[in-house]
There are 2 protein chains.
Amino acid sequence: MAPDITPRQAAVLNFIAECIDEHGYPPTIQEIGQRFGIASTNGVFDHLKTLERKGFIERSSKARSIRLTPKAAAGLTRRHADALPLVGRVAAGYPLLAVENIEEYIRVAPRLARRNAFCLRVTGDSMIDAHILEGDIIVVDRDRPPATKDIVVALVEDEATVKYYYPQDEMVELRPANAAMSPMFFPAEQVQLQGVVISLQRDLDAHSPIPR
Amino acid sequence: MAPDITPRQAAVLNFIAECIDEHGYPPTIQEIGQRFGIASTNGVFDHLKTLERKGFIERSSKARSIRLTPKAAAGLTRRHADALPLVGRVAAGYPLLAVENIEEYIRVAPRLARRNAFCLRVTGDSMIDAHILEGDIIVVDRDRPPATKDIVVALVEDEATVKYYYPQDEMVELRPANAAMSPMFFPAEQVQLQGVVISLQRDLDAHSPIPR
DNA sequence: TGGGTTGCTGAATTTTTGTTCAGTATACTC
DNA sequence: GAGTATACTGAACAAAAATTCAGCAACCCA
């Protein structure tokens, strides 16, 4: 049996997931065709039959009756369902968002999920004076250009760090929000900015039952 | 204007939400009609027009194109839309969650939306030493019994306040997390506990474009 | 007592959507 | 070099679904 998916099929599957995310209901066959420039509804129909045969979707003969199966997640390149990747321990040499670095997917408010963003669990108390605590989950926007005084996530020597951002001529100052710690200075080329912290979620409810 | 919903309309709204939950896509007009024994599609159509006029759903002329708005949560007996009410200025004499007190519905992580909870925007800096800032949105669980040292929302003289909770024999101490402020003591019967703060969301991104 | 809202019936009509059939071209594989 | 999967075109057709129109009955409100 072939559990494989072709690039074209994956694109169709992704589009279906996007539609559900965005509109709340699946696309019609003609809507899929429009998106991919497939003139004949039968071209799309073939894709759907194949995706169903391979177990990625379920359908019936009714309008918009496409359903994603749990297996569909395997064929999706984009995350689904209002989730952002939680980056865990950062593995040396890998890009921050490499699969190896992703611990899990965290469900966040849709407003945040629509961004090109990721989540990071804060370790240490270097930002405590900015009221960001150990264990807080921060949401980091990768598309937002960092401005002076922004709180950023930077990669220095393969370690991710959260600090205030103060760029200088050839150097970058990363300033903690903790009176007990000193600012750090690096040559600009040694600092890889990953994004700007746009939101924060804290769980005060440590001893709560685990949600489904 | 009537932001109200009749029992019949609420039943229809609930059925729509159930369908989305269960099948992954909204029902058609005829499916709704079948469920409620409404013979004419126009009977259902009237309901949909009314629900749309009242802001509970959005639709287009396409098949199954019903979408629940965040407001839909108000009409639902079960919670589907991952939204919690944001309680605004507290009106004297009204229950905290009366329609008059609800400013809007905030989309939150589904884990939180499943609770019997509401959101509150923090005013003032009485909890700043607990790293809760003015403007933060806190999520308050109404079903969680408050324990000593929990951060709670309490209603005292028709004003909602966020404080540490220290119950005593006949009195309740509400303790701020701010060295510049003093604890307050009230007879237990003057304090209406609304719930325990279980989560917090902060937007650091004040000058970002408004999400759609 | 008249006007508005709610909650429908019944029928006609249009639009949207899914399905089927008959082909074509390319690539892979045995 | 035959056989199979992929990825389509184009046309015709059937079905599902939405929309509109013309009513009716019950209720509340003022």
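In this predicted model, a polar side-chain atom of B:Asn42 lies 3.0 Å from a base nitrogen of DNA strand D. The helices that contribute two or more residues to the surface near that strand are α1 (7–23) and α3 (41–53) of chain A, together with α2 (29–36) and α3 (41–53) of chain B. DNA strand C has a surface of its own, to which α2 (29–36) and α3 of chain A and α1 (7–23) and α3 of chain B each give two or more residues. The points below take the two DNA strands in turn and then move to the packing of helices and to the aromatic pairs.

**Surroundings of DNA strand D**

- DNA strand D is surrounded by 27 residues, and the closest of these are A:Arg8, B:Ile29, B:Gln30, B:Arg59 and B:Ser61.
- Among the atoms of DNA strand D that lie within 4 Å of the protein, 60% are part of sugar or phosphate, while the rest are part of bases.
- Besides B:Asn42, whose polar side-chain atom is 3.0 Å from a base nitrogen of the strand, A:Asp46 also has a polar side-chain atom facing a base nitrogen of DNA strand D, here at 2.8 Å.
- A phosphate oxygen of DNA strand D is the partner of A:Lys54, from which a polar side-chain atom lies 3.3 Å away.
- Helix α3(A) supplies the largest share of the surface near DNA strand D, namely five residues.
- Sorted by class, the surface near DNA strand D consists of six nonpolar, 13 polar and eight charged residues.

**Surroundings of DNA strand C**

- Around DNA strand C there are 25 residues, of which A:Ile29, A:Gln30, A:Arg59, A:Ser61 and B:Arg8 come nearest.
- Sugar or phosphate accounts for 61% of the atoms of DNA strand C within 4 Å of the protein, and bases account for the rest.
- The side chain of B:His47 has an N or O atom 3.0 Å from a phosphate oxygen of DNA strand C.
- Backbone N or O atoms also lie by phosphate oxygens of DNA strand C, with a distance of 3.0 Å for B:Ala39 and of 3.4 Å for B:Ala63.
- The largest share of the surface near DNA strand C comes from α3(B), which gives five residues.
- The surface near DNA strand C divides into six nonpolar, eleven polar and eight charged residues.

**Packing of helices in chain B**

- Helices α1(B) and α3(B) pack at an angle of about 90°, and their axes are 10 Å apart, which means that α1(B) is roughly perpendicular to α3(B).
- In this contact, B:Arg8, B:Gln9, B:Val12, B:Leu13 and B:Ile16 of α1(B) meet B:His47, B:Leu48, B:Thr50 and B:Leu51 of α3(B), and by class these are five nonpolar, three polar and one charged residues.
- Helices α2(B) and α3(B) pack at an angle of about 105° with their axes 9 Å apart, so α2(B) is likewise described as roughly perpendicular to α3(B).
- On the α2(B) side of this contact are B:Ile29, B:Gln30, B:Ile32 and B:Gly33, and on the α3(B) side are B:Thr41, B:Val44, B:Phe45 and B:Leu48.
- The contact of α2(B) with α3(B) has five nonpolar, three polar and no charged residues.

**Packing of helices in chain A**

- The axes of α2(A) and α3(A) are 9 Å apart, and the two helices pack at an angle of about 105°, so they are roughly perpendicular to each other.
- Their contact brings A:Ile29, A:Gln30, A:Ile32 and A:Gly33 of α2(A) together with A:Thr41, A:Val44, A:Phe45 and A:Leu48 of α3(A).
- By class, this contact of α2(A) with α3(A) comprises five nonpolar, three polar and no charged residues.

**Aromatic pairs**

- Over all chains, a search of the whole structure finds two aromatic pairs.
- One of them is formed by A:Phe15 and A:Phe36, which are arranged edge-to-face, with 5.8 Å from centre to centre and 85° between the planes.
- This pair links distant parts of the chain, since A:Phe15 is in helix α1 of chain A and A:Phe36 is in helix α2 of chain A, 21 residues apart.

Conventions:
Residues numbered from 1 in each chain as written. Chains lettered and ligands numbered in written order. Predicted model: local features only at pLDDT ≥ 70, side-chain atom pairs only at ≥ 80, totals over all residues. Heavy atoms only, no water. Near = heavy atom within 4 Å. Polar contact = N/O pair within 3.5 Å; in protein donor to acceptor, adjacent residues only side chain to side chain. Helix = DSSP H or I, 4+ residues; strand = E, 2+ residues; numbered from the N terminus. Nonpolar A, V, L, I, M, F, W, Y, C, P; charged D, E, K, R; others polar. Axes fitted to C-alpha atoms, helices over the stretch in contact; angles between N-to-C directions. Parallel < 35°, antiparallel > 145°, perpendicular 65-115°, else oblique. Contact = heavy atoms within 4.5 Å. Phe/Tyr/Trp six-rings, centres within 6.5 Å; stacked < 30°, edge-to-face > 60°.
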